[in-house]
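Dear colleague,

I am passing on the structure below, together with some notes on what turned up in it. Please read them with the model open.

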Amino acid sequence: MLTAQQALEHLLSHAKPVHENENAPVQAALGRVLAENVQSLVDVPPLDNTSMDGYAVRATDTATPGQVLRVAQRIPAGSVGTQLEPGTAARIFTGAPVPPGADAVVMQEDCAILEGSADQVQVNITPTLGQWIRRRGEDLSAGKTALAAGIFLRPQELGVAASAGLTHLNVKRRVKVAAFFTGDELALPGESLKPGGIYNSNRDTLLACLRALGCDASDLGIVPDRLDATREALRRASKDHDLIITSGGVSVGEEDHIKPAVTAEGRLDLWQIAIKPGKPLAFGAVHKADQANGANTDEAWFIGLPGNPVSSFVTFLLFVRPFILKLQGRKSIATPSYFVRADFDWLKADRRNEFLRVKMNEQGGLDLFPNQSSGVLTSASWGDGLVDCPPGQAIHKGDLVKYIPFDALLK
């Protein structure tokens, strides 16, 4: 069996970012991937300005505490002051440009207006040069890179783009993913369950995962357990999509038609991966319906996930997610993790790499869901992440373990 790392490296060696870009208004670019570096159109801030309400002064005029200066001007944000003459101060408010001649700002709490005099201020500290002054261009300089290609655009990146004077951003088009689900036992919520039937939870889980990652996700529904139906679904999915994802049918039983169907419509590797939950994973490509020459540009990638709901969810996070991130052209595709204290014992070490559903407690440690079965999807809903437990390793209370938070995986 392949290790998780071997399987992931193989997947990523094939993924290539989509080529097409789109020019999107900044407000419509949330959740997209930046296609090229963008430069700031302006200096940010455009002038030296104050980060505090207070008084702009000359440091030489306030070399000792208690100096009294005449307040010669008042500068609110949005206005520009005049040259600050020696022996004077300027009343100034947060965000306002520092007047020429001033080289420090004293916050108002460190000053006092002399009783009976509206234009005399006593400076009760000795300011340092540049105190409370934000320098022109200290955030962004005109012509310099404001945002780098390959980053996922969050609200804060859109704010940077706006501060740089940008109205539009060149972004990667959304990765198009088709998903369908195999199994005659499956039904959709709202339908009557036949004997032996179950509701299809993987459909809602996986489609939500795809949309959370910013994909254009198409739901092709439940496909009957027949070879001809599976082949037809693959042909339909390949037409307008970059990637096809299925859940179930990737084993080698008589009712598992994914392997022969993908082999007939393209090419397939079927792996056994040494992880738990999860084990079977299929990877390959399906020829486009109108072109069957086998070239990568004429194919849709294919990843087949196991059918058990937790296995499907975990293998999506570990393998499909980074594959999609690379298709999107993202700069960072690593699975985020950090070490956290285990507040549980897990003494039955497995020969496979286990991914345990856990939740962080109020003490900053991790609690373990009591039932780690691959069919218990409530373990993933209860939990807020996974513990990556290496093969053959037990966990004792107090051990530091590698924790993978769900929140960091689905954005």
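Ala112 stands opposite Gln122 of strand E9. This is a predicted model. E9 covers residues 120-123 and is joined to E8 by three bridges, the two strands running antiparallel.

Both strands belong to an open sheet of six, ordered E7-E4-E6-E5-E9-E8, with mixed pairing. The edges are taken by E7 (104-107) and E8 (111-113); each has a single partner strand, so one side of each is left without a neighbour in the sheet. On average, neighbouring strands in this sheet are turned by 40° against each other, direction ignored.

The other item is Asp43. This residue sits in the loop that links strand E2 (38-39) to strand E3 (49-50). Its relative accessible area is 18%, and because the cut-off for buried is under 20%, Asp43 counts as buried.

What does the side chain of Asp43 meet there? The side chain of Arg136 forms a polar contact of 2.8 Å with that of Asp43. In addition, a polar atom of the Asp43 side chain lies 2.8 Å from the backbone nitrogen of Ala142. Leaving out residues up to four places away in sequence, Asp43 touches Arg136, Gly137, Leu140, Ser141 and Ala142. Arg136 and Ala142 thus appear both in this list of contacts and as the polar partners named above.

Regards

Notes:
Residues numbered from 1 in each chain as written. Predicted model: local features only at pLDDT ≥ 70, side-chain atom pairs only at ≥ 80, totals over all residues. Heavy atoms only, no water. Pairing = 2+ DSSP bridges. Helix = DSSP H or I, 4+ residues; strand = E, 2+ residues; numbered from the N terminus. Axes fitted to C-alpha atoms, helices over the stretch in contact; angles between N-to-C directions. Buried < 20%, exposed > 50% of the residue type's maximum accessible area, 1.4 Å probe, protein only. Polar contact = N/O pair within 3.5 Å; in protein donor to acceptor, adjacent residues only side chain to side chain. Contact = heavy atoms within 4.5 Å.
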